[in-house]
Structures are given as C-alpha cells and as structure tokens.
Amino acid sequence: MGYRVVVAGATGNVGREMLNILAEREFPVDEIAALASRKSLGTEVSFGDKTLTTKDLDTFDFTGWDIALFAVGSEATKVYAPKAAAAGCVVIDNSSLYRYDPQVPLIVPEVNADAIEGYKAKNIIANPNCSTAQMVVALKPLHDRARIKRVVVSTYQSVSGAGKAGIDELWSQTKGIYVPGQEVAPEKFTKQIAFNVIPHIDTFMEDGSTKEEWKMVAETKKILDPKVKVTATCVRVPVFVGHSESINIEFEDFLDEEEARDILREAPGVLVVDKREAGGYITPVECVGDYATYISRIRQDSTLDNGLNLWCVSDNLRKGAALNAVQIAEVLGNRCLKKG
Ligand SMILES: NC(=O)c1ccc[n+]([C@@H]2O[C@H](COP(=O)([O-])OP(=O)(O)OC[C@H]3O[C@@H](n4cnc5c(N)ncnc54)[C@H](OP(=O)(O)O)[C@@H]3O)[C@@H](O)[C@H]2O)c1
C-alpha cells in the first residue's frame, strides 16, 4: 500500500523536479495528482515513464489525499495550504510562508529529522530556503565535532532560484546582448544578469541586509542551533542551476582541516571533491541533477584560532527544494504515516 500524493506547482521548476525525484526514488505512490494554476489546466508533465495532466489547484479537493508537496510561492500557499491541511492532507511547503512559524517544523532530514513530529500542530512542514539547505548539510557534522560559533557566508546563487522567469531572463538577455535590436531589459532581476552579478536577492530589510540573507540567519538557527551566529551576503550570478557558497566557520574547539575532510567524507548527503590542483573542486554546472551537497577547498583559516574555509555547491532545485521535500515525505512516511 502506498500514498496518495499531490504535487502543487507541478509546471514550475521545483514541481517538475519533485515529480522526477518521487519517481527516481520510487516513493510508494498509489495515486498522484499534478496541480497548477487554471491557466496551465491540461498541461502535460512527466512522472517517471508516465504523463500526467495538470489539474486546477483552485478547485482541487484534498480530502483523502495523504501528502501534498507545495511549490507555488507564498501567495498561493497562503490560500491553499490551510485548505489541504484542514482536509487531513499533510503539506510539505517550499515557500517561506511557514518557515518561521514556531508551530511548523522546518526540516533538513540530514540535520533535524527528529523535529518531524511537530507537524501534528498544523499538518504542515516547511522546507528551507535553497541556500540554507545545502549549508546546514555541510555544517551539521562539523558542528557535532567542534561546536560552531560563527559562520560568514557569501552565496553565488543561480537564476533558477527565481523560478521559470529567472531562467528565461538570463537566456533571452544573454542572446540579446549579441543581436542589435534584441536587447532585453531587466524585469525579473533588478539589474542586467547576463555577464553580471547582482548583490541583492529578495527585499531589503531595515538594517541594510536582504530578506534572503536574513532567511539564512533565521533558518540556520531554527534547523541547526539557535546559538550559531550567521552573517550572509547573497548574490545572484548568471548560472542556470546550482548554488555555490564560500563559507568561513569559526569553532569553539580546534578542528584540523584533515579531520574536517574525513568527517565530511562520512557525512550523509555530502560528497567531498577536494584535490589541490587545477580542476580538483566542484563548480555548479557539475552538480546539476545530483542529490549531493559537494564540498571543496577545505582549508584552515589562519586568521582565526579555530577557523576553516570551504566551498559548497549543490543543485538548488534538488537539495535546495525538491529533493529535500521528498526526503521529508520519506521521513514522514517511515515515522508518522506508516502504510501497509
Ligand atoms: N527555485 C528554487 O531554487 C527554490 C528553492 C527553494 C524554494 N523555492 C520555492 O518554491 C516555490 C516554487 O518555486 P519555482 O522556482 O518552482 O517557481 P516557478 O518555476 O515560477 O513555478 C511556480 C509554480 O507555481 C504555480 N502557481 C503559481 N501561482 C499559482 C496559483 N495562484 N495557483 C496555482 N498554482 C500556482 C505555477 O503554475 P503555472 O505554471 O500554472 O503558473 C507553477 O507551477 C516558491 O515558493 C519558491 O520560493 C524555490
């Protein structure tokens, strides 16, 4: 016996990956529904070797469905997630709407799977921001060994993190730069993204940081440890898929780079690629379609007593969104909604 599973946002970047990953990992599905907005009614999407026809989220009845993976953005989530939850369907949400709600667990299974029981309060589980998800996978095993005091992170985030519109803008703007008369003005992004980088993701906060940067701080505290201090600079770069992060970590205890490398090699969800030679590290184009969080460039920070630097790369549509959501569904199934 399997589950009746809904994917809301099935025509989007994350929703399509959710369907791919449910099929790849052979999640026990008895029935699956692909939902999107009314304008996509009837659009076909792939689920393994099957083709699904999308239905309208607005008129869908969640009664009798077990799990709904949501990837529709905060506005639509606000309307439809409570309806699904009230109908007895557990929502695993990718938007930021519920992440900071104390009654909603925010989960990265490699880090805090035990928090899953908290879903019962609202029938909702939150999936973190893409940049946070990969970072906490890397930090958790190091924190367990040497207690992290402070993290300084700079991100290099791909345009797919801004949805289909982000991918389209990089593609058309890049082509337009070489064709006189076909220049594409910034619309999704605030400045030209083709052949450029933009130090601004999401809205500005009162203290001068951006919401994306604030999310990394707040979510790391909720998932990993409220005592860990994080300061972030989030940057959009002209890469289609795959987020990269330069991470500087200060520990309470000394941690040798060799030991850190060994710990990370054994850590769940992590692959270490760290040869000190040309090409001996991972770049975002190499992580696309993978499950792993890749770690490279592990080295001591000689300006601190107990400091390390590392480079962290992962597929933002997978570990940063769809894979993490499916992993949460797996934990939910194994621990809370047992079937058969
Ligand atoms: N991309 C990432 O790296 C990433 C990582 C973590 C979390 N997230 C979050 O995941 C969510 C989806 O992101 P995405 O990148 O997949 O965006 P996307 O490519 O723009 O897709 C959005 C999806 O939501 C659907 N949708 C939007 N408004 C709707 C409404 N009112 N009713 C029904 N369906 C609606 C769209 O359907 P139509 O095609 O019919 O419009 C589409 O299927 C967002 O909350 C985002 O913040 C994204």
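**Notes on the ligand site and the two sheets**

1. Let's start at the ligand: 26 residues surround it, and Thr-11, Val-14, Ser-37, Lys-39 and Ser-40 come nearest (a residue is near a molecule or strand if one of its heavy atoms lies within 4 Å of it). Please keep in mind that this is a predicted model, in which local features need pLDDT of at least 70 and side-chain atom pairs count only at pLDDT 80 or more, while totals for chains, interfaces and linings use all residues. Residues are numbered from 1 along each chain as its sequence is written, and side-chain values use heavy atoms, with hydrogens and water left out.

2. The backbone takes part in polar contacts here (pairs of N or O atoms within 3.5 Å; within protein, one must be able to donate a hydrogen and the other to accept it, and residues adjacent in sequence count only if both atoms are side-chain atoms). Asn-13 places a backbone N or O atom 2.9 Å from a ligand oxygen, and a polar backbone atom of Gly-9 is 3.2 Å from an oxygen atom of the ligand. A ligand nitrogen lies 3.0 Å from a backbone N or O atom of Ser-160. On its own the ligand has 900 Å² of accessible area, of which the protein covers 80% (Shrake-Rupley method, 1.4 Å probe; for residues, only the protein chains shown count as cover).

3. Which elements give two or more residues to this shell? They are α1 (13–24), α5 (163–177) and α9 (318–335); helices (H or I, at least four residues) and strands (E, at least two) are DSSP runs numbered from the N terminus. By type, the shell holds 10 nonpolar, 14 polar and two charged residues (Ala, Val, Leu, Ile, Met, Phe, Trp, Tyr, Cys and Pro count as nonpolar, Asp, Glu, Lys and Arg as charged, and the others, Gly among them, as polar).

4. Now to a parallel sheet: six strands form it, open, in the order β5-β2-β1-β6-β7-β8 (two strands pair if DSSP finds at least two bridges between them). β5 (55–56) and β8 (124–126) each have a single partner strand, so one side of each lacks a neighbour in the sheet. Three bridges link β7 (residues 90–93) to β8 in the parallel sense, with Asp-93 opposite Ala-126.

5. Helix α9, met above at the ligand, also lies across β1 (3–8), β6 (67–70), β7 and β8, at about 165 degrees to β6. Contact means heavy atoms within 4.5 Å; axes are lines fitted to C-alpha atoms, for helices over the stretch in contact, and angles run from 0 to 180 degrees between N-to-C directions.

6. Another open sheet of six strands has mixed pairing, in the order β10-β9-β11-β14-β13-β12. Its edges are β10 (229–236) and β12 (270–272), each with a single partner, so one side of each is left without a neighbour in the sheet. Strand β9 joins β11 antiparallel over eight bridges and β10 parallel, also over eight bridges. Val-152 is a handy residue to look at: its bridge partner is Asn-248 in β11 and Thr-231 in β10.

7. Two helices are worth a look against the mixed sheet. Helix α4 (residues 130–146) lies across β9 (148–157), β10, β11 (243–251), β12, β13 and β14, at about 30 degrees to β11. Helix α7 (residues 257–266) lies across β12, β13 and β14, running at about 170 degrees to β13.
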